[in-house]
Amino acid sequence: MSVHLLLCERIGRAKELIKRAEAISRSQKGGIEGGTKLCSKLKAELKFLDKVEAGKVAIKESHLQSTNLTHLQAIIESAENLEEVVSVLHVFAYEDKFGEKQTLVVDVVANGGHTWVKAIGRKAEALHNIWLGRGQYGDKSIIEQAEDFLQASRQQPVQYSNPHIIFAFYNSVSSPMAERLKEMGISVRGDIVAVNALVEHANEGRCLSSGDSDDEGPELQVTRVDRENLVASVAFPTEIKVDVCTRINLDITTLITYVSALSYGGCYFIFKEKVLTEQAVQERKGRVLPQLDEFMKGKELFACESAVKDFQSILETLGGPGEKARATLLIKRITVVPDQPSERALKLVASSKINSRSLTIFGTGDTLKAITMTANSGFVRAAANQGVKFSVFIHQPRALTESKESVATPLPKNCPAESCR
């Protein structure tokens with residue numbers, strides 16, 4: 001293929017990949033983290049190729065062959081083939097085996113965070129040679145990169161389980177490398193090709209000096225990739241075993257939301273309190289109770305003593321008869337445990353968003369290895385800013401409103417959320 005034809009092919013591919021990357025970014029409400037970064041990288045590649053086409057940059061054909069498009073295309077194809085993609089090109093901080101701070105870029109984080117994917121566009125031949133120590137100085141083998149992924153994943157648990165790692169090869173991988181990755185606990189996706197054993201001599205390719213013998217040197221056993229010999233082909237979606245957390249820790253905000261009259265049809269009012277009217281509008285737009293029930297289904301429910309005590313105190317002061325009756329039924333479903341905040345929760349520095357009650361509730365969930373259900377997103381963000389990430393399920397808040405209905409303005413049941421305020 002001529003340089004001009006190759007350039008036209010690369011430009012066309014870059015434009016197509018930008019469209020696909022934009023579609024990925026729009027595939028979830030609110031977008032996908034890193035989607036803008038992925039699009040920017042592709043647009044930078046296209047801008048460079050356009051300069052080449054305009055004659056502003058002179059390059060060789062080999063430079064077009066080694067464009068970043070191959071890797072970026074591999075990322076896009078991985079994202080397109082996985083469920084619940086939450087981010088692309090995500091940077092994780094971790095400590096290596098020597099205790100040094102490092103960063104790791106995960107090409108695709110999918111399955112709600114449970115799956116990390118490294119998309120690899122380099123050819124099997126190059127990867128195999130680097131692994132055998134026949135690459136360029138400083139090249140890091142795929143096996144060494146896999147060790148980094150494992151080290152980082154152990155420090156980034158999702159719902160108390162380490163993320164599952166997939167290495168996706170888009171230009172094949174040699175069977176010995178694939179086997180080694182599987183032994184390490186990493187899933188392999190792509191074409192797995194055989195290798196052939198060859199014999200080389202130690203002085204092969206070396207110029208002989210006058211004092212050298214022309215006898216063949218000692219034999220070295222080496223292997224070379226045999227791309228024509230396909231051993232296996234593993235496609236997405238790879239079967240992934242995820243240890244789903246079955247324990248839930250209920251925050252006060254969740255306890256209140258679960259019994260609130262707003263959650264049971266009492267959202268057709270304009271309340272005297274602006275915040276209650278806003279929550280009623282939110283409820284008419286989208287019911288919160290089905291979301292809570294769906295997440296709680298089949299799981300063990302826990303709450304610490306402080307959460308239950310404060311919930312009952314709030315209920316006694318503000319709750320209506322229906323809300324109190326629902327609370328009695330809910331408490332019967334819950335295992336109430338002593339306050340037992342985790343060590344890392346107790347290290348958090350108090351602030352306007354981090355108080356002792358929240359520390360106790362979220363910290364107890366952490367000790368139980370449970371997912372804390374909460375509407376207190378402010379605490380979750382503040383804790384994360386201090387380096388403590390809790391496993392949480394965040395939902396919209398609903399206040400106790402039954403006792404406020406008598407002085408509120410009722411609305412027709414078919415009232416659209418936007419027009420009834």
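Begin with the largest pocket, which has a volume of about 1400 Å³. To find its middle, select Gly112, Gly113, Pro157, Val158 and Phe390, the closest to the pocket's centre of the 36 residues that line it. Keep in mind throughout the tour that the structure on screen is a predicted model.

**Around the pocket**

With those residues still shown, add strand 1 (87-95), helix 15 (377-385) and strand 13 (392-394), each of which supplies at least two residues of the pocket lining. Which of these elements gives the largest share of the lining? Strand 1 does, with three residues. If you now colour the lining by residue type, the view should divide into 18 nonpolar, 11 polar and seven charged residues.

**The loop after helix 6**

From strand 1, move to glutamine 156, which sits in the loop that runs between helix 6 (142-154) and strand 4 (164-169). Show the side chain of glutamine 156 together with the backbone of alanine 93, and you will find a polar atom of that side chain 2.9 Å from the backbone oxygen of alanine 93. Glutamine 156 counts as buried, because its relative accessibility is 16% and the limit for that class is under 20%.

Next select glutamine 155, which belongs to the loop between helix 6 and strand 4. Is glutamine 155 buried or partly exposed? Its relative accessible area is 33%, so glutamine 155 is partly exposed. Now add tyrosine 94 to the selection: although 61 residues separate glutamine 155 from tyrosine 94 in sequence, their C-alpha atoms are 6.6 Å apart in space.

**Strand 4 and helix 7**

Follow the chain onward to serine 172, placed in the loop between strand 4 and strand 5 (173-174). The backbone deserves a look here, since phi of serine 172 is positive, near 75°, in a residue other than glycine. Serine 172 is buried, its relative accessible area being 8%.

A little further along, select leucine 181, which is part of helix 7 (residues 175-183). Leucine 181 counts as buried, because its relative accessibility is 0%. If you measure in the viewer from the C-alpha of leucine 181 to that of isoleucine 166, you should find 9.5 Å between two residues that are 15 apart in sequence.

**A positive phi before strand 1**

Go back along the chain to glutamate 84, which lies in the loop between helix 4 (69-80) and strand 1. Here too the residue is not glycine and its phi is positive, with a value near 50° for glutamate 84. Glutamate 84 counts as exposed, because its relative accessibility of 52% is over the 50% limit for that class.

**Two cysteines and a tyrosine**

Select cysteine 245 and then cysteine 267. Cysteine 245 is buried, with 9% relative accessible area, and cysteine 267 counts as buried as well, at 5% relative accessibility. How many disulfides does the model contain, taking a pair of cysteine sulfur atoms within 2.5 Å as the rule? The count by this rule is zero disulfides.

Tyrosine 264 is the next residue to select, in the loop between helix 8 (252-259) and strand 9 (269-270). With a relative accessible area of 37%, tyrosine 264 is partly exposed. Adding leucine 289 shows a residue 25 positions away along the chain from tyrosine 264, with 8.0 Å separating the two C-alpha atoms.

**Helix 14**

End the tour at helix 14 (residues 356-368), whose 13 residues reach 18 Å from the first C-alpha to the last, which is close to the 18 Å expected at 1.5 Å a residue. At the start of helix 14, show asparagine 355 and arginine 357, where a side-chain oxygen of asparagine 355 comes to within 3.2 Å of the backbone nitrogen of arginine 357.

Is helix 14 mostly covered or mostly open? Helix 14 is mostly covered, for 10 of its 13 residues are buried. Among the buried residues to highlight along helix 14 are Leu359, Ile361, Phe362 and Leu368, and the buried set also includes Ser358, Thr360 and Asp366. As a last selection, take lysine 369, which follows helix 14 and has a positive phi, near 55°.

Conventions:
Residues are numbered from 1 along each chain as its sequence is written. This is a predicted model: local features need pLDDT of at least 70, side-chain atom pairs count only at pLDDT 80 or more; totals for chains, interfaces and linings use all residues. Side-chain values use heavy atoms; hydrogens and water are left out. On a 1 Å grid over the protein atoms alone, a cavity is a set of points where a 1.4 Å probe fits but cannot get out, and a pocket is an open set with protein on both sides within 12 Å along at least five of seven lines; lining residues have an atom within 4 Å of a point. Grid points are joined across faces, edges and corners, and a volume is the space filled by probe spheres set on the points. Helices (H or I, at least four residues) and strands (E, at least two) are DSSP runs, numbered from the N terminus. Ala, Val, Leu, Ile, Met, Phe, Trp, Tyr, Cys and Pro count as nonpolar, Asp, Glu, Lys and Arg as charged, and the others, Gly among them, as polar. The expected span of a helix is 1.5 Å times one less than its number of residues. Buried means under 20% relative accessible area, exposed over 50%, partly exposed in between (1.4 Å probe, protein chains only). A polar contact is a pair of N or O atoms within 3.5 Å; within protein, one must be able to donate a hydrogen and the other to accept it, and residues adjacent in sequence count only if both atoms are side-chain atoms. A disulfide is a pair of cysteine sulfur atoms within 2.5 Å.
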